[in-house]
Amino acid sequence: MPNELTIAPDNTAIRVALWRALHTQIDAAPHVFDDEIGLRIAQPEEGWRHRPDMDPQTTSPMRAGMVSRARFVEDLLAEQIARGVDQYVLLGAGLDTFAQRRPELLARLTVFEVDQPGPQAWKRQRLTELGLDLPDRLRLVPVDFEVDSWWERLIAAGFDPSRPAVVASTGVSMYLTRESNTATLRQLSTLAPGSTLAMTFMLPLELVGSGEQQMRRFAEQGARASGTPFISFFRPDEIVSLAEQAGFADAEHISSEELTRRYFADRGDGLRPAESEQILVATC
């Protein structure tokens, strides 16, 4: 049956979960971000740490990038919760485990995880198998982005567009066309005043240092081979301008250098985030 739902994980989401766990397992404390629940959900094959994409040295910038972006988003979220924001939306949630790891913050929020139906059904199944029941404050919002309006599905799940929210979209923009990214920014700019968007974006290859370019080409080749090629790349000033033109009141660029200053400055092991992926923060 062509329309039958395929319940299966997304390979990229699995990789991110494994990198997050690997940071806790092999990098020196203090850890930038602690998340081994994603590893339990992913349930990788035995010997997963010996996969080429888990190599401790060659992929360390990617691993550092994953944990620093996650830490940044959750630090931002905690700040906004302190200001009274009580809605949190994850676009392309993957195997995010905020709702399982941070019950003290979840108690003050309603969390909406938006993702493709098949991978989300698989995640729901794995949470059940692990005895991690879905909290009342967590809403899983399955969306077929090719045919559904994610905004309409989000509102149907109980999201209130008249109240402020934090929206996180990490590791998504590079897979979308420029037109889709622009449309998403326009939609999100209509959020209630006091809302905040944190969105990662990929730099053009020529803006990446020569030492990282080989790793970046390897990542792009892998994405193409898996049927999810990188499509969109943005300069920092370009993505900030797009957000402002879309209607956001303010927008700023958070660089990999800023993430290094925040989370890696005192480390002696040389762990640093890749510069390929940067962060846009936009406010309504």
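# Briefing: cores, aromatic pairs and a pocket

F98 touches E74, L77, Y88, L105, L106, L109 and V111, leaving aside residues up to four places away in sequence. The model is predicted. F98 is also among the residues with the most contacts inside the largest nonpolar core, which has 32 residues. The points below cover that core and a second one, the aromatic pairs, helix α10, the second largest pocket and A21.

**Nonpolar cores**

- Besides F98, the residues with the most contacts inside the largest nonpolar core are F72, L77, Y88, L109, V111 and F264.
- Two or more residues of this core come from each of the helices α3 (60–82), α4 (98–101), α5 (103–106) and α11 (256–263), and from each of the strands β1 (87–91), β3 (138–142), β4 (166–169) and β7 (277–283).
- The element that gives the most to this core is α3, with 8 residues.
- Another core, of 30 residues, lies apart from it and includes V143, L191, F201 and A243.

**Aromatic pairs**

- The whole structure holds 5 aromatic pairs.
- One of them joins Y88 and F98 in an edge-to-face arrangement, at 5.4 Å centre to centre and with 80° between the planes.
- Y88 belongs to strand β1 and F98 to helix α4, so this pair ties together parts that are 10 residues apart in sequence.
- Both Y88 and F98 are buried.
- Y175 and F230 also form an edge-to-face pair, with 5.6 Å centre to centre and 70° between the planes.
- Y175 sits in the loop between β4 and α8 (178–188), and F230 in the loop between α9 (210–225) and α10 (236–246), so the pair ties together parts that are 55 residues apart in sequence.
- F230 has a relative accessible area of 16% and is buried because this is under 20%.
- Y175 has 25% relative accessibility and counts as partly exposed, because this value falls between the 20% and 50% limits.
- F112, W150, W151 and F159 make up one aromatic cluster.

**Helix α10**

- In α10, the buried residues are E238, I239, V240, L242, A243 and A246.
- One of these, A243, is also a member of the core of 30 residues.
- The cover over the buried residues of α10 includes α8, β5 (196–202), β6 (250–254) and β7.
- G247 follows α10 and has a positive phi, near 125°.

**Second largest pocket**

- This pocket has a volume of about 210 Å³.
- Its lining consists of 13 residues, and those nearest its centre are L76, E79, Q80, E252 and V281.
- The elements giving two or more residues to the lining are α3, β6 and β7.
- α3 gives the most to the lining, with 5 residues, and α3 also gives the most to the largest nonpolar core.
- By residue type, the lining has 4 nonpolar, 4 polar and 5 charged residues.

**A21 in helix α1**

- A21 is part of helix α1, which spans residues 11–26.
- A21 counts as buried, because its relative accessibility is 0% and the limit is under 20%.
- The residues that A21 touches, leaving aside those up to four places away in sequence, are D35, E36 and L39.
- A21 and K123 are 102 residues apart along the chain, and their C-alpha atoms are separated by 17 Å.

Conventions
Residues numbered from 1 in each chain as written. Predicted model: local features only at pLDDT ≥ 70, side-chain atom pairs only at ≥ 80, totals over all residues. Heavy atoms only, no water. Core = buried A, V, L, I, M, F, W, Y, C linked by side-chain atoms within 4.5 Å. Buried < 20%, exposed > 50% of the residue type's maximum accessible area, 1.4 Å probe, protein only. Helix = DSSP H or I, 4+ residues; strand = E, 2+ residues; numbered from the N terminus. Contact = heavy atoms within 4.5 Å. Phe/Tyr/Trp six-rings, centres within 6.5 Å; stacked < 30°, edge-to-face > 60°. 1 Å grid on protein atoms, 1.4 Å probe; cavity = no way out; pocket = protein on both sides within 12 Å on 5 of 7 lines; lining within 4 Å. Points joined across faces, edges and corners; volume = space filled by probe spheres on them. Nonpolar A, V, L, I, M, F, W, Y, C, P; charged D, E, K, R; others polar.
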